[in-house]
Amino acid sequence: MQTLLKRWTHALLEWLGLTSATGDALDRWAAFVLVVLAAVVFDLLLQLGIVHGVRKLVERTRAKWDDTLFSVPVLRRMCHILSAILLAVVLPVVFEEKSTGRVIVLRFMEAYIVFSVFRFVNALLYAAFHIAAARPAWQNKPIKGLRQTAQGIALLICTILIVSILLDKSPAILLTGLGASAAVLMLIFRDSILGFVSGLQLAANDMLKVGDWISIPKYGADGNVEEVSLTTVKIRNWDNTLVMLPPYLLTTDSFTNWHAMQLSGGRRVMRSVAIDMTSVRFCTPEMLDHYRTIDLIRDYVDQTERRVEEYNAAHGIGSGERRINGLHQTNLGVFRAYLVRYLRNEVPVNKDMTLMVRQLQPTETGLPMQLYFFTDTVVWVDYEGIQSDVFDHVLAVIPEFGLRVFQNPSGEDVASLRNAFFPNAQTPSQTSPQTSPQTSPQTSPQTPPQTPPQTPPQASPQASPQASSQAAPQNAPPLHASRPAAPQRPQAEQPAPEEAKAPASASPE
């Protein structure tokens with residue numbers, strides 16, 4: 001083989017018009033180039049023959065797993081291994097034995113073979129995990145982290161072998177050195193190691209899958225899981241923002257997985273309406289007659305009233321006695337019965353799940369009446385629509401039962417109270433910030449009041465003009481009015497007649 005290669009080398013040099021002045025060295029490097037070119041051509045022929053031939057056979061089979069296992073990347077990297085082996089066998093022939101060039105070329109070729117095998121194993125692992133992910137039992141399982149872990153182990157082994165080949169040292173020596181620096185490696189690969197262990201826990205306990213809706217308020221995550229890798233869990237929130245979390249946080253902290261709710265076929269509604277407790281009272285006959293006009297509770301009112309009458313008659317309680325004695329219906333109890341029947345008959349609820357209307361602990365904001373039921377759909381938009389329709393109806397029907405919804409006073413309520421007690425009071429927008437309510441008549445606005453007082457205020461003779469001038473009129477003129485004419489002097493400020501100055505004890509004579 002070496003003689004043949006030399007003969008080809010000399011023929012190539014003569015055809016190129018080169019001399020052999022450089023001796024055997026030029027022949028060897030020319031032969032080296034020829035061998036490399038021959039390996040490249042051999043690799044191309046392998047790809048044309050093996051890749052296309054195997055793909056045609058695979059496509060004819062009914063199974064689907066072989067399409068992935070014998071994919072084009074896997075077959076091409078297998079061809080690279082054969083080409084690398086050919087180079088490792090042929091190239092040493094070009095160089096003389098025990099020469100430096102031969103030693104260097106052999107080491108690099110061995111390292112290239114290891115690298116080619118690693119690439120083939122990497123593609124094979126990817127294909128194998130892709131086949132596993134397509135199976136129903138592994139559907140949407142977080143196996144990407146396991147695949148990355150296997151690929152990382154293969155990369156570590158490949159790196160150790162290549163370094164040992166290039167340094168001409170045993171891999172055991174390198175592993176011994178790695179054991180001494182294990183603490184440093186643990187610090188460097190901390191996230192990868194924790195991610196690998198967490199990925200095993202997530203997969204083994206079926207805690208998380210791609211496509212699940214999870215919420216982690218502590219980290220601002222609330223959306224669907226898009227990817228679970230060795231070091232990252234990617235979550236797309238409902239506002240289309242992305243949250244990246246390390247997998248070990250999902251095993252150390254708690255999170256909510258809504259996938260079970262989506263599979264159950266019903267989503268829970270648990271909301272309350274605050275009832276004003278002062279509006280709760282016993283039902284009068286007129287109220288019961290009004291409730292009988294409501295179709296949903298007509299039977300309930302009649303049956304409950306018969307039970308109440310039978311109980312009171314058995315205990316000697318007449319119908320005219322105080323309602324604190326015996327049994328009596330209340331408007332709140334009738335309202336609660338109405339809500340139960342309304343939910344069962346008028347609302348699309350899941351009848352296989354819990355449905356109830358209950359009272360919670362009374363608070364300073366009223367008596368909470370809670371509606372607890374499950375809708376028959378888990379679609380978010382439909383769920384919110386059902387919930388809104390239910391409470392629209394509840395808020396509108398509460399006054400029909402003589403009840404009131406508790407609500408803190410608003411600005412409109414305060415304004416209504418002010419207008420009720422002070423009908424002529426002005427709003428802040430009609431009051432001048434420069435004019436005080438105690439403005440004297442001399443500093444009053446320019447336009448006289450539209451409704452002057454009919455009777456002047458009666459003041460005692462001892463009342464001073466200053467005191468009377470400080471009394472603010474109820475109907476203060478607007479700020480934009482013109483300046484009024486000089487007001488007349490009140491009678492209380494005019495001098496008293498002579499008869500009034502006589503002592504009260506004087507004789508009528």
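**Aromatic contacts, a five-stranded sheet and a nonpolar patch**

A search of the whole structure, a predicted model, finds eight aromatic pairs. One of them joins Tyr338 and Phe401. Their ring centres lie 5.4 Å apart, the planes meet at 50 degrees, and the pair is tilted. Tyr338 belongs to helix H14 (residues 331-346). Phe401 sits in the loop between helix H15 (380-397) and helix H16 (411-421), so the pair ties together parts that are 63 residues apart in sequence. Rings of Phe, Tyr and Trp (its six-membered ring) pair when their centres lie within 6.5 Å; planes under 30 degrees apart are stacked, over 60 edge-to-face, and the rest tilted. Helices (H or I, at least four residues) and strands (E, at least two) are DSSP runs, numbered from the N terminus.

Residues are numbered from 1 along each chain as its sequence is written. Local features need pLDDT of at least 70 and side-chain atom pairs count only at pLDDT 80 or more, while totals for chains, interfaces and linings use all residues; side-chain values use heavy atoms, without hydrogens and water.

Tyr338 and Phe401 are both buried (buried: under 20% relative accessible area; exposed: over 50%; partly exposed: in between; 1.4 Å probe, protein chains only). Tyr338 and Phe401 also belong to a cluster. Ring pairs link them there with Tyr291, Phe335 and Tyr342.

Rings also meet a charge. The charged end of Arg267 sits over the ring of Tyr383, 4.2 Å from its centre. The charged end of Arg267 sits over the ring of Trp258 as well, at 5.8 Å from the centre. Here NZ of Lys or CZ of Arg must be within 6 Å of the ring centre and within 35 degrees of the ring normal.

The sheet comes next. Five strands form an open sheet in the order E4-E3-E2-E1-E5, with antiparallel pairing. Strand E4 (242-245) and E5 are the edge strands, and each pairs on one side only. Strands of a sheet pair through backbone hydrogen bonds, either parallel or antiparallel. Two strands count as paired if DSSP finds at least two bridges between them.

Strand E1 (residues 213-216) has neighbours on both sides in this order. Towards strand E2 (residues 221-228), four bridges are made, and the two strands run antiparallel. In this pairing Trp213 stands opposite Asn224, and Ser215 has Asp222 as its bridge partner. E1 and E2 form a hairpin with four residues between them. Gly220, in the turn, has a positive phi of about 65 degrees. Towards strand E5 (residues 256-257), E1 pairs in the antiparallel sense over two bridges. Ile214 stands opposite Asn257 there. Both faces of E1 are covered. Trp213 and Ser215 are buried on one side, and Ile214 and Ile216 are buried on the other.

E2 pairs in turn with strand E3 (residues 233-237), antiparallel, over five bridges. Val228 of this pairing stands opposite Val233 in E3. A hairpin of four residues joins the two strands.

E3 continues the sheet to E4. Four bridges join these antiparallel strands. In E4, Met244 is the bridge partner of Lys234. The E3-E4 hairpin has four residues between its strands, and Asn240 in the turn has a positive phi of about 70 degrees. The two faces of E3 are not alike: Val233, Ile235 and Asn237 form a covered face, whereas Lys234 and Arg236 form an uncovered one.

At the surface, Phe42, Leu82, Ile85, Leu86 and Val89 make a nonpolar patch of about 390 Å². Helix H4 (residues 72-94) gives the largest share, four residues. Ile85 is found in H4. Ile85 is partly exposed, with a relative accessible area of 40%. Patch residues have over 30% relative accessible area and no salt bridge (a side-chain nitrogen of Lys or Arg within 4 Å of a carboxyl oxygen of Asp or Glu); like charges are joined within 9 Å and nonpolar side chains (Val, Leu, Ile, Met, Phe, Trp, Tyr) within 5 Å. Areas come from the Shrake-Rupley method with a 1.4 Å probe; for residues, only the protein chains shown count as cover.

Glu59 lies in helix H2 (residues 24-60). Glu59 counts as exposed, at 55% relative accessibility. Glu59 and Phe70 are 11 residues apart in sequence. Their C-alpha atoms are 10.0 Å apart in space.
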